[in-house]
Amino acid sequence: MGARSDVVVIGAGHNGLVAAASLAKDGRRVTVLERSPEVGGILRGAEIAPGFTAPGIAHTVGRLRRSVVEDLELADHGLDLLTPAVRLFAPQPDGSAVTFWGDVGRTAEELRQRNPRDADAFVSFDRKVRAVASFLAYINVATPPDISAPTIADAISGLKVGWAFRGLGAKIGREAIRAMPMAVADLVQEVFEDEAIRGPLSTRGVVFTAFGPWSAGTAAMFLNDSAGNDGGAAGTAVFARGGTQALAAALASAASVAGAEIRTGAEVTGIRSRNRRVLGVTLADGTEIDAGLVVSAADPKRTLALCDPVELGPTMIWRAGNIRQPGATAKVDLALSGLPAFHEDPQRLRGRIVIGPSTDYVEKASDANKYGHLAEEPWIEATIPSLMDPSLAPEGRHVMSALVQAAPRDLREGDWASERERLGDVTVKTLERFAPGLGELVEARRVITPEDLETDYGLTGGHVQHAEPGLDQFFAWRPLNGEARYRFVLDGLYLAGSGAHPGGGVTGGPGANAARQIRKDTGRR
Amino acid sequence: MPERYDAVVIGGGHNGLVTAAYLAKAGKKVLVLERRHVLGGAAVSEEIVPGYRFSVFSYVVSLLRPEIIRELELPKYGLEILPLDGTITPLDDDYLWRVNDHGRTVRELRRWSLNDAEAYEEYGPLMAEMARFIKPILSIVPPDPGKVSVRDWLPLTPLAKTFKDLPRRLQTTFIQLMTMSAADFLDQWFETEPLKATMSASGIIGTFQGPRSPGTAYVLLHHYMGEIDGAFRAWGVPRGGTGTISEAIGSAALANGAEIRLEAPVARIDVHGDRATGVTLETGEQIEAGIVLSSLDSRWTFIKLLEDGVLDPAFKEEVLRYKYRGSSGKVNLALDGLPELACKPGTGEWLRGAISFSPSLDYMEQAYDDAKYGHPSRRPYIDMIIPTLLDPTMAPPGGHVMSCFVQYAPYRLAGNAVWDDAAREAFGQTVIETIEERMPTIREHIVGSQFITPKDIEDITGLTEGNIFQGELSLEQLFFNRPVPGWSRYRTPIRDLWMCGSATHPGGGIMGAPGRIAALEVLKGRKRARRVA
């Protein structure tokens, strides 16, 4: 005799919890099923050494959608956001460095010493990015239209987007359309002369993807990274007090208080359906939960793998097989006995520290993907959360989190079991070139390979964004043309994870959009 | 008192000539000004080695619009296209040989992979369908996304309708073609490396992109749109070399009353107030005209031929940031005999088609990686044609002409290196070494050679940075962004100055479409003007 629920949510990552919380608020009986012992997905932190708390795979939370924070009253649930004055610090091989501050004027002022022309260019570029991003924010809250059968609602929202677009004015409008399909390397090369500025900025277009900055469409990712937040040209750097898991806890609390039941250590092994209508889910221990609505925050491939292949049919299975999820990101967390010597002024190290001194450097690192080996000189985005929140590390010590690219999920030679330690060494070695002596500071380290991302976090292909955010898996065709409206393949099945529009990143966007769509389809309780 | 023309066309390339022919046909007094001593721009045949005629740059034809051949009666003026049969991809000890005979190709593919043979049966028709769907775009004047004008957007609505009503499968394919990399697109279908690599080649020809660069799947389709006598994806070589295409179009223009002047380089486009009134030649001679049409790329047209201060700075900036990035070179060889492929000895029909040096996707991608960082590919992709097997008149009896399109050869070299004679020689030798690996006897047959770098293409034809498409075919430089965002309608900020070359929609290749649409736009514009007056 199986239990019963109105809604079953698969996966307690940020999108799953956002969807669960807002559906529970409607008075639905919601059960959230999480495979691992704790909630949070890529927000899940860990104590990598006594007293050292490392953040999740995502180490900043600046892209969180404002409406999500407000609607779910996350502040009341203990979310305390910490915003340093600095956004991005980019050290150079020659010992110099470029710092991007939250204050555009201050950034320009410092850039002026390197290159006056670029200093002025930065100010207008930041303005342009904000304008285009504000337009993208519009698109990100919309449910993508169905190209084959646009409804009146689609027409209306299309008109709204059209107006938003016209609001940009002809010049920015043209610019938006021109920029989106561009390579981010071209975007920054058109504006800046100094590679020290181009390189670090270009990484924003390729982080958590298998692309290099010379790949078309990476400009869209760069711009989207600033959509609906205060990113501008340099991007955000926002931390949660207590680490990223504190955000997960706040979301979980919001969901529970709204009445959702969250079960951890409960792995869904099957989505039951009859005549393409969802009936419920089956758990690893054999228990069944009946539900008319199943909301999957897992990635699209994994979600479809849970379904009955006979119900899906061969065409859908073929199409699902072609969803591109080439994981290329690894994570190295370091417990440090002191502050690494990137710069004498620790203020500058409180945001994102990017090792990507030139677009060629970043591109070369990404080339490794194409031939299936770990980059010898990877590009790295690191943070030192303990600078903003000392409680994350013992007195006077620090915890450092480093996102490392490129580390392809599928290695041509060897496997990640044998390459794991080399990944850690390559990362420390690369960081040390910019922070001499960093190696000696390392007391402990945790290496997360793309394979771990697949096995421990359930990310198919080890892809943190659930599906490569290329132009071919975008908006009305993310993850698949005709399956982009959160309703996913079977009646009553919804996709609420990063594999759905507006895609990856800790925004809560897909979860919120999916919940809204469910309300539309089933009516508010 | 200088002569006055209705229209002056700058540049005697195939597009300039098409424009001139159509305007002359409509009764306009037209003058074409060509800088060089030969007509054709990048579509020229020249006798570089005594007795051997090379299609110096552009070497095959497929995209030439049938309506142009028809309306200008080009066959009457000597145009004859000899179809190329198939493509062979030589490997170390095997080969992949595809021919126009579908059945034979599928049998060949079965040798490699049953799945691929099966997929191939679906793939061809699907691409043909896609090409048919997208073809109308080739004759549309792109709208300006910056402003909402019903008249501009109207031509697109039937297209949007067709797209909406396409089966989901075709919609998806179209979206993928517009956004994917050639490699990712083909990976969905095929598993045979030489097949994927050789197919991906048409996605990167003339662009500074690798088969794994997003956006190259579109170029794949661009090359699928070619048709000869209604047969899609059919490639051929013109009898007498690509120059005969230009000569045929030129003759058509002359027959319709146009004038053509060779060795008449234009120094300046004369502008009075906000309108173009004619051109001044380098000799100082002034020619007045009602309108001026430039078949050159936008960099040359707006930066070299206009005096400073004429252009609005914002527009000038757009022109300057438009990307060219020539990526290809050419090696033309005069041979005293026919070389054989090591992997398929003999001199059979497989040499009569294209010979593609593209053994694997990695090979292609590595060739691109070299270029990406400013080096000519150590092992380049080569598209080889031996036109004399179809048209013996191109060489002395027993002799042969070998045309090798080579990618990649970046226009900008690493460091501050320049394309000097040494660099050119090194480039040519690398190509010959690469050929030698598959055709061991090639050197014994070489009696003369011509190595062409992107710099040479720029110097000889005037194509900026040696880009054969007058502007990189990247997604952000297509359709309404060609040749300059906001100026996709063949007009320019200067009244009576028009663009009519490959720089404009629908872009490069010996297609002639830009020249034709521009001419029709001019004639339409004139009519409208008269109606207003």
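**Exercise 1.** In this predicted model, determine what share of the contacts in chain B with a separation of 6 or more comes from residues 24 or more positions apart.

*Solution.* Counting the contacts in chain B with a separation of 6 or more, one finds that 72% of them join residues 24 or more positions apart. The secondary structure of chain B comprises 18 helices and 20 strands. The radius of gyration of chain B is 23 Å, close to the 24 Å that the globule rule gives for 533 residues, so chain B is as compact as a globular protein of that length. Along its principal axes the C-alpha trace of chain B spans about 70 × 55 × 50 Å, and buried residues account for 55% of its 533 residues.

**Exercise 2.** Decide whether B:A342 is buried, partly exposed or exposed, and state which residues it contacts beyond its neighbours within four places in sequence.

*Solution.* Begin with the location, which is the loop between β15 (328–335) and β16 (354–357) of chain B. Next, count the surroundings: 17 other C-beta atoms lie within 10 Å of B:A342. Because a buried residue needs 20 or more and an exposed one has 12 or fewer, B:A342 is partly exposed. Once the neighbours within four places in sequence are set aside, B:A342 is in contact with B:R438, B:M439 and B:P440.

**Exercise 3.** Describe the side of chain A that touches chain B, by element and by residue class.

*Solution.* The contact takes 27 residues from chain A and 29 residues from chain B. On the side of chain A, the elements giving two or more residues are α6 (169–179) and α14 (359–370), and α6(A) supplies the largest share, five residues. By class, this side of chain A divides into ten nonpolar, eight polar and nine charged residues.

Notes: Residues numbered from 1 in each chain as written. Chains lettered and ligands numbered in written order. Predicted model: local features only at pLDDT ≥ 70, side-chain atom pairs only at ≥ 80, totals over all residues. Helix = DSSP H or I, 4+ residues; strand = E, 2+ residues; numbered from the N terminus. Rg over C-alpha atoms; globule rule 2.2 N^0.38 Å. Contact = placed C-beta atoms within 7 Å. Nonpolar A, V, L, I, M, F, W, Y, C, P; charged D, E, K, R; others polar.
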